[in-house]
Amino acid sequence: MNKIEHIGIAVADLQKASTLYEQLLGTSCYKTERVESENVDTAFFKTGENKIELLASTADDSAIAKFIAKKGEGIHHIAFDVDDIYAEMERLKAEGFVLLNEEPKKGADNKLICFVHPKTTNGVLIELCQEIK
């Protein structure tokens, strides 16, 4: 794993949260995107080398909707940049981590993604991200 790629924050209202984060960070959202495979709309912010991804559900049964219903709005996951997502997935499986998907999926911001189950990472949902070239 190279670095933290972004921190994902679950929000109920993407427009309202985007306005708040624009004020908080002093910068505009640089990208919005719908990710059909995850049933979310996203908004990305960058400050220095750090990125924040806001995630709002587009379906009542999505992972983000369930997360907000159970825990409320807040930090949903930490994403790490990797050079080879397939190799990293194999390495983590060999180490005993449970992956939430067997193959990488297309995620937001031109990335292949895979999630690591929080029950094997001290309660933190981890996302692996590899830029699609």
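In the predicted model described here, His77 lies in strand β5 and, leaving aside its neighbours within four places in sequence, is in contact with His6, Ile7, Gly8, Glu53, Leu55, Phe115, Leu125 and Glu127. His77 has a relative accessible area of 2% and therefore counts as buried, the limit being under 20%. With respect to helix α3, His77 and Leu92 are 15 residues apart in sequence, and their C-alpha atoms are 17 Å apart in space.

Strand β5 (74-81) also belongs to the elements that give two or more residues to the lining of the largest pocket, together with β3 (40-47), β4 (50-57), α2 (63-71), β6 (105-107), β7 (111-116) and β8 (126-131). This pocket has a volume of about 650 Å³ and is lined by 31 residues, of which Ala63, His76, Leu100, Phe115 and Leu125 lie nearest its centre. Two of the residues just named, Phe115 and Leu125, are also among the contacts of His77. The largest share of the lining, six residues, is contributed by α2. By residue class, the lining comprises 15 nonpolar residues, eight polar ones and eight charged ones.

Helix α1 spans residues 14-25, twelve residues in total, and reaches 16 Å from its first C-alpha to its last, which is close to the 16 Å expected at 1.5 Å a residue. Within α1, the residues Leu14, Ala17, Ser18 and Tyr21 are buried. These four cover an arc of only 105° around the axis, and so they are placed on the same side of α1. An α-helix has 3.6 residues a turn, so residues three or four places apart point the same way. The face of α1 turned away from the buried side carries the exposed residues Gln15, Lys16 and Gln23, whereas the cover over the buried residues includes β1 (3-10), β3 and β4.

Ser18 illustrates the buried side of this helix. At 10% relative accessibility, Ser18 counts as buried because the value falls under 20%. Not counting residues up to four places away in sequence, Ser18 touches Ala43, Phe45 and Leu54. Ser18 and Asp84, by contrast, are 66 residues apart in sequence and 31 Å apart in space, C-alpha to C-alpha.

In helix α3, which runs over residues 85-94, Ile85, Glu88, Met89 and Leu92 are buried. Seen down the axis of α3, these residues fall within an arc of 100°, so they line one face of the helix. Among the elements that cover the buried residues of α3 are β7 and β8.

Several loop residues were also examined. Tyr30 is placed in the loop between α1 and β2 (31-35) and is partly exposed, with a relative accessible area of 39%. Beyond its neighbours within four places in sequence, Tyr30 is in contact with Phe44, Phe45, Lys46, Lys51 and Asp109. Tyr30 and Ala43 are 13 residues apart in sequence, and the distance between their C-alpha atoms is 7.6 Å. Phe45 thus appears both in the contacts of Tyr30 and in those of Ser18.

The loop between β7 and β8 holds Thr120 as well as Asn122. Thr120 is partly exposed, with a relative accessible area of 24%, while Asn122, at 80% relative accessibility, counts as exposed. Leaving aside neighbours within four places in sequence, Thr120 is in contact with Gly96, Phe97 and Val98. Thr120 and Gly48 are 72 residues apart in sequence, and 31 Å separates them in space, C-alpha to C-alpha.

The backbone of Asn122 has a phi near 55°, a positive value in a residue other than glycine. Asn110, in the loop between β6 and β7, likewise has a positive phi, near 60°, and is not a glycine. Most residues other than glycine have a negative phi. Asn110 has a relative accessibility of 32% and counts as partly exposed.

Notes:
Residues are numbered from 1 along each chain as its sequence is written. This is a predicted model: local features need pLDDT of at least 70, side-chain atom pairs count only at pLDDT 80 or more; totals for chains, interfaces and linings use all residues. Side-chain values use heavy atoms; hydrogens and water are left out. On a 1 Å grid over the protein atoms alone, a cavity is a set of points where a 1.4 Å probe fits but cannot get out, and a pocket is an open set with protein on both sides within 12 Å along at least five of seven lines; lining residues have an atom within 4 Å of a point. Grid points are joined across faces, edges and corners, and a volume is the space filled by probe spheres set on the points. Ala, Val, Leu, Ile, Met, Phe, Trp, Tyr, Cys and Pro count as nonpolar, Asp, Glu, Lys and Arg as charged, and the others, Gly among them, as polar. The expected span of a helix is 1.5 Å times one less than its number of residues. Buried means under 20% relative accessible area, exposed over 50%, partly exposed in between (1.4 Å probe, protein chains only). The arc is that of the directions from the helix axis to the C-beta atoms. Contact means heavy atoms within 4.5 Å.
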